[in-house]
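This report goes with the sequence and the 3D structure shown below. Please keep both in view while reading.

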Amino acid sequence: MESGLTRAWVDVDLGALQRNAVAIADRAGVPLLPMVKADAYGLGAVAIARALEPLAPWGYGVATVDEGAQLREAGIDRRIMVLTPLLSDDLAIARDLRLTPALSTAGSISAWRSLGGGDWHLSIDTGMNRAGVQWDEARSLRESVAAFPPEGAFTHFHSADRDDASVALQEARFAEAVAALPARPRLLHAENGAAIEQRGRSPWDLARPGIFLYGVGSGGGFAPEPVVQFHARVVDLRIVRDGETVSYLASYRAVGPRTIATLTAGYADGLPRALGNRGSATVRDRTVPIAGIVTMDMTMIDVTDAPCDIGDIATLIGASAPLDVAGVANSVDMSPYELLTGLRSRIHRRYIDGER
């Protein structure tokens, strides 16, 4: 048996990842700045970046200096942009690692310049109210920007996956802020994958896809290929008698004799505890229900009506609905982002190159 496949693992289809990147780049019509923050949404930032390298993206987006350092240590030489604001202690490290920071105050711009830092991008807040200079206060940075011009400027849409007027409003604010600067930065960017899905070609200079690359779309007609599957082994089979219970709090009670299989994955692996008595799995292409509360290291499923043996592989997140990432997340009122980034490091990642 292949190493790492004796307990639980995540299959990451790098072929599908690459095809998703090509598709979103073709639709956007501009270079990509793929988001590989949070360990590439839980799938392994180094492996993901290496898989994307042949496509020659403009760079990679991370959230922390440590994430940038990990990519540099792995030999990734392309541009790496840190989109989260950095405290002063991190700026010197970012300079040494040749990272591109997002700056939004006169003090941070001055500090980056005094450190001999290189290119930087101006972060402009147009409604997210999370980070960046307020769009109607961008003029206050004219002196700082004139003295040390940014290579780029960007904003972030808060509701790009909705069919409302928020994107148009935020873009108008972004344009107003850029017009208030001494000169237009060379690279402007605003769109995540959902924005590109919804409207196609970008009016800006870069696009910043994230979860679309990893197989989760915003529900429109332009959909990505699935990239992620989560599997676990069957390690126990038993007959539970009528009236007996399964798992904590006895929340599952057998009606008639039931065959219960135990899987080697639980909420400590990132499987949502809320899937207990609500979720399902597949074994030998049969869909079966989760029986009882998901425990820390194990999950029980009812295989009474499905063929099953010890050692079989059960799929808890699959390639198609309702076990796809979005389907599983929606079933327990989670965000797909939360589900993916919650997959824990103790689960082996197997990188495959699945054909279309």
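The sections below go from the whole chain to the pocket, a helix and single residues.

## Overall features

The model is predicted, not an experimental structure. Its 356 residues are 53% buried, and the secondary structure comprises 11 helices and 17 strands. Along the principal axes, the C-alpha atoms fill a box of roughly 75 × 40 × 40 Å. Among contacts with a separation of 6 or more, 64% are between residues 24 or more positions apart.

The exposed surface of the protein comes to about 15700 Å², with 49% of it supplied by carbon and sulfur atoms. There are 35 positive and 43 negative side chains, and the centres of these two sets are 1 Å apart.

## The largest pocket

The largest pocket holds about 960 Å³ of space. Its lining consists of 46 residues, and those nearest the centre are Lys37, Arg130, His156, Asn192 and Tyr337.

Several elements give at least two residues each to this lining. They include helices H2 (37-42), H9 (193-199), H10 (325-331) and H11 (336-341), together with strand S5 (121-125).

## Helix H3 and its cover

Helix H3 spans residues 45-52 and is mostly covered, with six of its eight residues buried. These are Ala45, Val46, Ile48, Ala49, Ala51 and Leu52. The cover over them includes strands S1 (8-13) and S2 (59-62) as well as helices H1 (14-28), H2 and H4.

Leu71 is a residue of helix H4. It counts as buried because its relative accessible area is 0%, where the limit for buried is under 20%. Beyond its neighbours within four places in sequence, Leu71 contacts Ala45, Val46 and Ala49, and also Val36, Tyr60, Val62, Ile76 and Ile80. The C-alpha atoms of Leu71 and Ala45 lie 7.5 Å apart, while the two residues are 26 apart in sequence.

## Arg78 and Ser144

Arg78 sits in the loop that runs between helix H4 (65-73) and strand S3 (79-82). Its relative accessibility is 24%, so Arg78 counts as partly exposed. Leaving out residues up to four places away in sequence, Arg78 touches Glu53, Ala56, Pro57, Trp58, Gly59, Tyr60 and Arg72. Between Arg78 and Leu343 the C-alpha distance is 27 Å, with their positions 265 residues apart in sequence.

Ser144 belongs to helix H7, residues 142-147. Ser144 counts as buried because its relative accessibility is 17%, and buried means under 20%. Apart from residues up to four places away in sequence, Ser144 touches Ala106 and Ile109.

## Backbone details in loops

The peptide bond between Ala321 and Pro322 is cis, with omega at about 5°. Pro322 lies in the loop between strand S16 (313-317) and helix H10.

Two residues other than glycine are noted here for their phi values. Ser247 has a positive phi near 70° and is placed in the loop between strands S10 (245-246) and S11 (252-253). With 24% relative accessibility, Ser247 is partly exposed. Asp333 has a positive phi of about 55° and lies in the loop between H10 and H11. At a relative accessible area of 70%, Asp333 is exposed.

Definitions and conventions:
Residues are numbered from 1 along each chain as its sequence is written. This is a predicted model: local features need pLDDT of at least 70, side-chain atom pairs count only at pLDDT 80 or more; totals for chains, interfaces and linings use all residues. Side-chain values use heavy atoms; hydrogens and water are left out. Helices (H or I, at least four residues) and strands (E, at least two) are DSSP runs, numbered from the N terminus. Buried means under 20% relative accessible area, exposed over 50%, partly exposed in between (1.4 Å probe, protein chains only). Contact means heavy atoms within 4.5 Å. Accessible areas come from the Shrake-Rupley method with a 1.4 Å probe; for residues, only the protein chains shown count as cover. Lys and Arg count as positive and Asp and Glu as negative; His and the chain ends are not counted. The place of a charge is taken as NZ of Lys, CZ of Arg, CG of Asp or CD of Glu. On a 1 Å grid over the protein atoms alone, a cavity is a set of points where a 1.4 Å probe fits but cannot get out, and a pocket is an open set with protein on both sides within 12 Å along at least five of seven lines; lining residues have an atom within 4 Å of a point. Grid points are joined across faces, edges and corners, and a volume is the space filled by probe spheres set on the points.
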